[in-house]
Amino acid sequence: MPETLPADSVGLVTPQQQHFDDPLPLACGKTLPAYDLVYETYGELNAARDNAVLICHALSGHHHAAGYHSADERKPGWWDAHIGPGKTIDTERFFVISLNNLGGCHGSTGPCCVNPDTGRLWGPEFPVMTVGDWVNSQARLADRLGIERFAAVVGGSLGGMQVLQWALAYPERIANAVVIAATPRLTAQNIAFNEVARQAIRSDPDFHDGWYALEGTVPKRGLKLARMVGHITYLSEHSMGAKFGRDLRSDELNFGYDVEFQVESYLRYQGDTFSTAFDANTYLLMTKALDYFDPAAAHQGDLAAALAPATCRFLVVSFSTDWRFAPERSQELVDALVRAGKPVSYAAIDSLYGHDAFLLPDTRYQAVFGGFMKRVARDLGLEGS
Amino acid sequence: MRADLTLIHDWVHDGARVLDLACGDGTLLDALARDKDVFGYGLEIDPDGITACLERGVNVIEQDLDQGLANFDDDAYDLVIMTQALQALRRPDLMLDEMLRIGREAIITFPNFAYWRHRLYLGFKGFMPVSRTLPHAWYDTPNIHLSTFNDFERLCLDKQLVITDRAVGNGAHQSHWSSRLWPNLFGEIAIFRVGRGHARQQS
């Protein structure tokens, strides 16, 4: 944390937790008997309880979206660029909720928790979650917090899929949907990359079929590889080239297999850091949730028909160099929303930073997203700076 | 509101489904939604226009008209509007076909190149006209397909389209919608309201 907090920071935040005893039926047929959800909030819930904004996180995300947990924390939450007083999601107007999804490894019930039925860790036996399951659990958290209807549900990437699911599963509970750098379903190429990541993890001898915690090991090599390949898909060719080019770590080629190029060093570092901070079973589960999401499937592939229940206004945003969830995927969603006659706006942002652009500050991105959120606030008559 | 937009506003019926191509800052769609319960979308590529639409609550979709309108279904709209953009498109004639494929009716406005001041500019000065409605130099103008009131009328006739209304206005876009007698000479802005030809309507 910087010595003095910037004026547009939400400041120090403390995660909160809610326990749920009512069993949650899941898409896979199993039921989660009881569970905890960990979350953070920023801003104040107004008297009408209608200024709440839900943030849905992406593959490796969590509840810590903005501010700092302590003065020692080096970096703020993952979406701090867009959440805070006067920022795109203005905490002077909105009450922002950000949670860790079920199956996660940052506090909400997941593979690292104890299964009350067996008395041992859930591990690989934790049920495979779907986007629909997550949204159902998020709706229960909203019930608990006394929020009948969200002013907006917002998310990028896998988070954007949850936003879409909200619009379809709980149309009466969401006034506005912001779907950023997302897709209405994964392509074969997307699934292929996820499968490489899963194979990397599952083939690590330290994985032990997911029981690594009981064996006292961590499948670090697998997680590291999974993250390395994932990370490549988050960046654009340009952003990697601009950052590393063909730069070498030393002055000359050493004709060996140690790290030579800077990009190798970077990827290994990213992989190493991730492999000690993230849970392998969670990673597997999250990639499955991505693969399975396909609201059009129940309508013979007709996405416009699948979108029929939605009543909210949509904002869809894509980034030009995003090749993980390319602008064409957002355009598909927009076309289907238009066909279904839903209120939707679409901005295709020029960016050099690939899929990761949704996390970063950018003048046009902020103007578009912020402009939409301003209108959301105005429609609700919310006071703001 | 600009006078050509005011006129269009009057032509749109209550509850119409409208597509506004090159909708700018969304002024027209916003007014139509408020006054006439119109539902619609605007297409725009200008970032400032898009932001203005979003702040207004106008549905705006970032889409380049030169890439076509294949993503819009046949007969999906009552009315397709295009103000001051036709002349900047690569193929205005194909766009006109597309507008009347998607909508039953189209309203189009464009600068009339045969306006008397433009004629004087070219005829006497010998330079490409620069005016209130055509403010660019020949080398940097986005207007690659300038036409006249008469040209457009002829295109509609060639395509066997039905012209339901036509009007002209001046470049300040204020009043003066009365040059009915010599529109090709005195009209600075041409405004056409066209419908499908009989062949198309029967199909």
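**Exercise 1. A loop residue in chain B**

Task: Decide whether Gln84(B) is buried or exposed, or in between, and describe its backbone.

Solution. The structure here is a predicted model.
Step 1: Gln84(B) has a relative accessible area of 22%, so this residue is partly exposed. The cut-off that matters is 20%, under which a residue counts as buried.
Step 2: Now place it in the chain. Gln84(B) sits in the loop between strand 4 (77–83) and helix 4 (92–102) of chain B.
Step 3: Turn to the backbone. Gln84(B) is not a glycine, yet its phi is positive, near 55 degrees. For comparison, most residues other than glycine have a negative phi.

**Exercise 2. A similar question in chain A**

Task: Find where Arg49(A) lies and what its phi is.

Solution.
Step 1: Look in the loop of chain A between strand 4 (35–42) and strand 5 (52–56); Arg49(A) is there.
Step 2: Its phi is about 55 degrees, a positive value although Arg49(A) is not a glycine.
Step 3: Arg49(A) counts as partly exposed because its relative accessibility is 39%.

**Exercise 3. The second largest pocket**

Task: Work out which residues come closest to the centre of the second largest pocket, and what classes its lining has.

Solution.
Step 1: Begin with the volume, which is about 490 Å³.
Step 2: The lining has 23 residues, and the closest to the centre are Ala22(B), Glu44(B), Gln84(B), Ala85(B) and Ala88(B). Gln84(B), from the first exercise, is one of them.
Step 3: Sort the lining by class: nine residues are nonpolar, nine are polar and five are charged.

**Exercise 4. The largest pocket**

Task: Describe the largest pocket by its volume, its central residues and the helices that line it.

Solution.
Step 1: The volume is about 1,500 Å³.
Step 2: Of the 43 lining residues, Lys75(A), Trp78(A), Arg227(A), Gln270(A) and Leu359(A) are the closest to the centre.
Step 3: Three elements of chain A give two or more residues each: helix 5 (220–234), helix 6 (237–244) and helix 7 (262–277). Helix 7 of chain A gives the most, with six residues.
Step 4: By class, the lining divides into 21 nonpolar, 14 polar and eight charged residues.

**Exercise 5. Enclosed spaces**

Task: State how many cavities of 30 Å³ or more the structure holds, then say which residues line the second largest cavity.

Solution.
Step 1: There are three cavities of 30 Å³ or more.
Step 2: Take the largest cavity, with a volume of about 70 Å³. Helix 3 (188–202), helix 5 and helix 8 (280–292) of chain A each give two or more residues to its lining. Helix 5 of chain A leads with five.
Step 3: The lining of the largest cavity includes Phe193(A), Asn194(A), Thr233(A) and Arg324(A). By class, this lining has seven nonpolar, four polar and one charged residues.
Step 4: The second largest cavity has a volume of about 40 Å³. Its lining is made up of Gln189(A), Asn190(A), Phe193(A), Asn194(A), Thr233(A), Trp323(A) and Arg324(A). Phe193(A), Asn194(A), Thr233(A) and Arg324(A) thus appear in both linings.
Step 5: Helix 3 of chain A gives the largest share of the second lining, four residues. The classes there are two nonpolar, four polar and one charged.

**Exercise 6. Cysteines**

Task: Find how many disulfides the structure holds, and check Cys28(A) and Cys312(A).

Solution.
Step 1: Over all chains, the structure holds zero disulfides.
Step 2: For Cys28(A), the nearest cysteine sulfur is that of Cys113(A), 17 Å away. A disulfide would need the two sulfur atoms within 2.5 Å. Cys28(A) counts as partly exposed because its relative accessibility is 40%.
Step 3: For Cys312(A), the nearest cysteine sulfur belongs to Cys56(A) and is 12 Å away. With 2% relative accessibility, Cys312(A) counts as buried.

**Exercise 7. Where the chains meet**

Task: Describe the contact between chain A and chain B by its residues and its buried area.

Solution.
Step 1: Chain A brings 24 residues to the contact and chain B brings 20 residues.
Step 2: About 1,700 Å² is buried between chain A and chain B, and carbon and sulfur atoms give 46% of this area.
Step 3: On the chain A side, Val338(A), Arg339(A) and Arg364(A) supply 28% of the area that chain A buries against chain B, more than any other three residues.

How values were computed:
Residues numbered from 1 in each chain as written. Chains lettered and ligands numbered in written order. Predicted model: local features only at pLDDT ≥ 70, side-chain atom pairs only at ≥ 80, totals over all residues. Heavy atoms only, no water. 1 Å grid on protein atoms, 1.4 Å probe; cavity = no way out; pocket = protein on both sides within 12 Å on 5 of 7 lines; lining within 4 Å. Points joined across faces, edges and corners; volume = space filled by probe spheres on them. Nonpolar A, V, L, I, M, F, W, Y, C, P; charged D, E, K, R; others polar. Buried < 20%, exposed > 50% of the residue type's maximum accessible area, 1.4 Å probe, protein only. Contact = heavy atoms within 4.5 Å. Buried area = accessible area lost by both parts, 1.4 Å probe.
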